[in-house]
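Please open the model in your viewer and keep the sequence panel beside it, since each stop on this tour begins with a selection.

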Amino acid sequence: MNTRLTWICHGATAASRKALFPLDEPLESKAAKDAAEMAALPRADRIFTSPALRTRQTATALRLDAGIDPALRDCDHGRWAGRPIVTIGSEEPENLEIWMSDPQAAPHGGESLFDLRTRVAGWMDAQSTLGGHVIAVSHAAIIRAAVVHVLQAPLSSFWLIDVGPLAIVRMTSDGRRWSLRFSISDL
């Protein structure tokens with residue numbers, strides 16, 4: 001069974017502009033406007049969004065009638081949520097280094113990258129059994145974990161993937177494996 005998966009990263013927020021570990025913040029007004037001006041999306045069999053306000057607002061701006069799926073929630077950054085990354089780097093440099101170098105570590109008390117990838121891979125694999133076209137509005141970390149899963153890459157490559165606000169990443173599955181899809185003709 002063939003499945004097309006279109007990932008859309010939420011628009012910019014104050015936290016993303018200030019390099020903060022995110023909380024449940026709204027989109028910046030310009031981000032909502034930018035999303036509303038994006039090209040119309042093709043029909044999808046299923047449309048989902050993370051429970052976060054910024055993803056729901058992005059879906060609304062894109063004129064998508066999306067259901068909320070908790071599996072698409074952002075990485076749980078534990079006690080670092082809402083704090084500047086540079087502050088964590090100053091106050092807890094060894095913990096930040098451990099988190100970025102050991103995929104199973106979660107020194108912030110939240111979710112490890114290993115657990116994040118496992119959650120995302122499970123969601124993707126469940127979608128691949130249903131076929132059709134799926135649109136998922138989620139977070140950069142979720143999309144990065146999806147790319148790592150598709151490429152069967154080591155989790156250290158998570159940090160080498162840059163997913164900007166309103167980025168679109170396409171994937172396909174034939175029911176056995178996922179592939180990245182690069183195309184200018186379809187969404």
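A residue is called buried here when its relative accessible area is under 20%, and exposed when that area is over 50%, with partly exposed in between. The model is a predicted one, and the tour begins with an aromatic residue.

Select Trp7 first: its relative accessible area is 0%, so Trp7 is buried. Now add Trp123, which has a relative accessibility of 7% and therefore also counts as buried. A search of the whole structure finds 7 aromatic pairs, and in the pair formed by Trp7 and Trp123 the ring centres lie 5.5 Å apart with the planes at 50°, so this pair is tilted. Because Trp7 belongs to strand β1 (residues 3-9) and Trp123 to helix α6, the pair ties together parts that are 116 residues apart in sequence.

From Trp123, extend the selection to the whole of helix α6, residues 113-128, and add helix α7, residues 140-151. The axes of these two helices come within 9 Å and cross at roughly 75°, which makes α6 roughly perpendicular to α7. On the α6 side of the contact you can pick out Leu116, Arg117, Arg119, Val120, Ala121, Met124 and Asp125, and they meet Ala141, Ile142, Ala145, Ala146, Val148, His149 and Val150 of α7. Sorted by class, this contact of α6 with α7 has 10 nonpolar, 1 polar and 3 charged residues.

Which residues does Val148 touch, leaving aside those up to four places away in sequence? Select Val148 in helix α7, which is buried with a relative accessible area of 2%, and display its surroundings: Val148 touches Arg117, Ala153, Pro154, Leu155, Ser157, Phe158 and Ile161. For a sense of distance, select Ala61 as well, whose C-alpha atom is separated by 28 Å from that of Val148, the two residues being 87 apart along the chain.

Phe158, one of the residues touched by Val148, is the next selection. At 3% relative accessibility Phe158 counts as buried, whereas Trp159, with a relative accessible area of 27%, is partly exposed. Phe158 and Trp159 form an edge-to-face aromatic pair, 5.0 Å from centre to centre and with 85° between the planes. Add Arg144 to the view, and you will find its charged end sitting over the ring of Phe158, 4.1 Å from the ring centre.

To finish, select Phe21, Trp80, Trp99, Phe158 and Trp159 together, and follow the ring pairs that link these residues into a cluster.

Notes: Residues numbered from 1 in each chain as written. Predicted model: local features only at pLDDT ≥ 70, side-chain atom pairs only at ≥ 80, totals over all residues. Heavy atoms only, no water. Axes fitted to C-alpha atoms, helices over the stretch in contact; angles between N-to-C directions. Helix = DSSP H or I, 4+ residues; strand = E, 2+ residues; numbered from the N terminus. Parallel < 35°, antiparallel > 145°, perpendicular 65-115°, else oblique. Contact = heavy atoms within 4.5 Å. Nonpolar A, V, L, I, M, F, W, Y, C, P; charged D, E, K, R; others polar. Phe/Tyr/Trp six-rings, centres within 6.5 Å; stacked < 30°, edge-to-face > 60°. Buried < 20%, exposed > 50% of the residue type's maximum accessible area, 1.4 Å probe, protein only. Lys NZ or Arg CZ within 6 Å of the ring centre and 35° of its normal.
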